Amino acid sequence: FYPRLDKAEVNHEAHVADSLRYNKEGADYRLVDMDERMDETNFRDGLQLASYFDTDFDCMMETQFYFTTIIIPCDYDKMLTSQFGRNWRTRVENRGPRGGDTRLESRAVSDEENEVMLAGGPKP
């Protein structure tokens, strides 16, 4: 399990909304204590959320990242899908005007912005 750091009255509501939406898109956020996939019918405040990564991290690979290389898990695609759903490669999201406010639910950018950002390559 990969837990999320949620703090009441700071980022908890945004994380719950994101987790529910990502699960509809194929992610695997679970209620830790019950090992149930989270949805609108079984979630309530006070329960711990986590992503489940179906990997044992026994395979790592070197890949290009800008002007250098980095080591990533071989199952990176499966892990990111578990965390963000099937659309993680093709849909750019942000959290507010500067993109980094974790108190806000993440939102997809416009189709035009999405196209421009993806055409420019990955961003760190």
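1. Let's start with the loop between β2 (29-31) and β3 (36-37), where Asp35 is found in this predicted model. The backbone of Asp35 deserves a look, since phi is near 50° there, a positive value in a residue other than glycine. With a relative accessibility of 46%, Asp35 counts as partly exposed. The cut-offs behind that label are under 20% for buried and over 50% for exposed, with partly exposed in between.

2. Next, a step back to the overall layout. The protein chain holds three helices and eight strands. Reading from the N terminus, you will meet them in the order β-α-β-β-β-β-β-α-β-β-α. The chain has 124 residues, and 31% of them are buried. Among contacts with a separation of 6 or more, 42% are between residues 24 or more positions apart. The accessible surface of the chain comes to about 8600 Å², and carbon and sulfur atoms account for 53% of that area.

3. Now to a strand pair that is pleasant to trace on screen. Strand β5 covers residues 60-65 and strand β6 covers residues 68-73; the two run antiparallel and are joined by six bridges. If you want a landmark in the pairing, find Thr63, which stands opposite Ile70 in β6. As general background while you look at the side chains, those of a regular strand alternate between the two faces of the sheet.

4. What links β5 and β6? The two strands form a hairpin, with two residues between them. Tyr66 sits in the loop between β5 and β6, and its phi is near 55°, again a positive value in a residue other than glycine. How accessible is Tyr66? Its relative accessibility is 41%, so Tyr66 counts as partly exposed.

5. Tyr66 also has a part in the surface picture. Together with Phe65, Phe67 and Ile70, Tyr66 makes a nonpolar surface patch of about 440 Å². Two of these names will be familiar by now: Ile70 is the residue opposite Thr63 in the strand pairing, and Tyr66 is the turn residue of the hairpin. Selecting the four patch residues together is a handy way to view this stretch of surface.

6. How many disulfides does the chain have? The count comes to one. Cys59 and Cys74 form it, with their sulfur atoms 2.0 Å apart. The pair links distant parts of the chain that are 15 residues apart: Cys59 lies in the loop between β4 (49-51) and β5, while Cys74 lies in the loop between β6 and α2 (76-84). Is the disulfide left-handed or right-handed? The torsion about the S-S bond of Cys59 and Cys74 is about -55°, so the disulfide is left-handed.

7. Are the two cysteines buried or exposed? Neither label applies, because Cys59 has a relative accessibility of 36% and counts as partly exposed. Cys74 is also partly exposed, with a relative accessible area of 27%.

8. A last stop is Asp18, which lies in helix α1 (residues 12-24). Is Asp18 buried or exposed? Its relative accessibility is 0%, so Asp18 counts as buried. Asp18 and Leu104 are 86 residues apart in sequence, yet the distance in space is 9.5 Å, C-alpha to C-alpha. Asp35 offers a contrast for your notes, since that residue counts as partly exposed at 46% relative accessibility.

Conventions: Residues are numbered from 1 along each chain as its sequence is written. This is a predicted model: local features need pLDDT of at least 70, side-chain atom pairs count only at pLDDT 80 or more; totals for chains, interfaces and linings use all residues. Side-chain values use heavy atoms; hydrogens and water are left out. Helices (H or I, at least four residues) and strands (E, at least two) are DSSP runs, numbered from the N terminus. Buried means under 20% relative accessible area, exposed over 50%, partly exposed in between (1.4 Å probe, protein chains only). Contact means heavy atoms within 4.5 Å. Accessible areas come from the Shrake-Rupley method with a 1.4 Å probe; for residues, only the protein chains shown count as cover. Two strands pair if DSSP finds at least two bridges between them. A disulfide is a pair of cysteine sulfur atoms within 2.5 Å. Patches are made of residues with over 30% relative accessible area and no salt bridge: like charges are joined within 9 Å, nonpolar side chains (Val, Leu, Ile, Met, Phe, Trp, Tyr) within 5 Å. A salt bridge is a side-chain nitrogen of Lys or Arg within 4 Å of a carboxyl oxygen of Asp or Glu.
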